[in-house]
Amino acid sequence: MNSLSVSEFVQKIKSGELSVVEHTHKVIEEIERTNKKFSHFCFVSKDTALMQAKELEKKIKAKQVTGSLVGVPLSVKDSICVKDVHTRAGRKVLTGFITSS
């Protein structure tokens with residue numbers, strides 16, 4: 001997987017050669033493995049990521065998906081509010097804050 005360009009990866013996702021769900025599982029496993037040492041991520045929305053991957057894979061199979069970054073995993077900096085996700089912006093005072101809208 002590491003040897004693919006983003007466009008090659010997206011092409012394989014769109015063609016069904018690679019599974020969004022399987023890749024999402026692999027990304028989550030890698031985050032869990034490396035985050036123990038490096039603490040790159042404050043919070044990982046595993047359930048949401050897998051749910052979205054399953055929905056996306058259904059759309060891909062139905063040929064209902066376009067876009068140049070389909071299936072590419074992404075992370076969002078802790079200072080950016082995302083609905084229903086813990087946001088601390090690096091401050092302990094915001095521990096437990098979840099954006100509702």
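A salt bridge here is a side-chain nitrogen of Lys or Arg within 4 Å of a carboxyl oxygen of Asp or Glu. Keep that handy for the exercises. The model is predicted, so local features need pLDDT of at least 70 and side-chain atom pairs count only at pLDDT 80 or more, while totals for chains, interfaces and linings use all residues. Residues are numbered from 1 along each chain as its sequence is written, and side-chain values use heavy atoms, with hydrogens and water left out.

**Exercise 1. Get the overall layout.**
Work out how many helices and strands the protein chain has.

Solution.
- Step 1: Take helices (H or I, at least four residues) and strands (E, at least two) as DSSP runs, numbered from the N terminus.
- Step 2: Count them, and you get three helices and zero strands. Read along the sequence, that is α-α-α.
- Step 3: Add the dimensions: the C-alpha trace spans about 45 × 30 × 20 Å along its principal axes.
- Step 4: Check burial, where buried means under 20% relative accessible area, exposed over 50% and partly exposed in between (1.4 Å probe, protein chains only). Of the 101 residues, 24% count as buried.

**Exercise 2. Track down the salt bridges.**
Find which residue pairs with Glu30, and say where the two sit.

Solution.
- Step 1: Apply the rule from the top; the count comes to three salt bridges.
- Step 2: Glu30 pairs with Arg33, with the closest N and O atoms 2.6 Å apart. They are three residues apart in helix H2, so about one helical turn separates them.
- Step 3: Look at their surroundings: Glu30 is partly exposed at 38% relative accessibility, and Arg33 is exposed at 55%.
- Step 4: Now take Glu32, which bridges to Lys46 with 2.7 Å between the closest N and O atoms. Glu32 lies in helix H2 and Lys46 in helix H3, so this pair ties together parts that are 14 residues apart in sequence. Glu32 is partly exposed at 34%, as is Lys46 at 35%.
- Step 5: Finish with Glu17 and Lys12, whose closest N and O atoms are 2.9 Å apart. Glu17 is exposed at 55%, whereas Lys12 is partly exposed at 24%.

**Exercise 3. Describe the largest pocket.**
Say which helix gives the most to the lining of the largest pocket.

Solution.
- Step 1: Set the rules. On a 1 Å grid over the protein atoms alone, a pocket is an open set of points where a 1.4 Å probe fits, with protein on both sides within 12 Å along at least five of seven lines; lining residues have an atom within 4 Å of a point.
- Step 2: Note the space, about 1,100 Å³, as filled by probe spheres set on the points, which are joined across faces, edges and corners.
- Step 3: List the lining: 36 residues, with Ser45, Ala49, Leu74, Ser75 and Val76 nearest the centre.
- Step 4: Assign the helices. H1 (6-15), H2 (20-38) and H3 (46-61) each supply at least two residues, and H2 gives the most, with seven.

**Exercise 4. Place Leu74.**
Decide whether Leu74 is buried or exposed.

Solution.
- Step 1: Locate Leu74 in the segment after H3.
- Step 2: Read off its relative accessible area, 72%, which means Leu74 is exposed.
- Step 3: Recall that Leu74 is also among the residues nearest the centre of the largest pocket.
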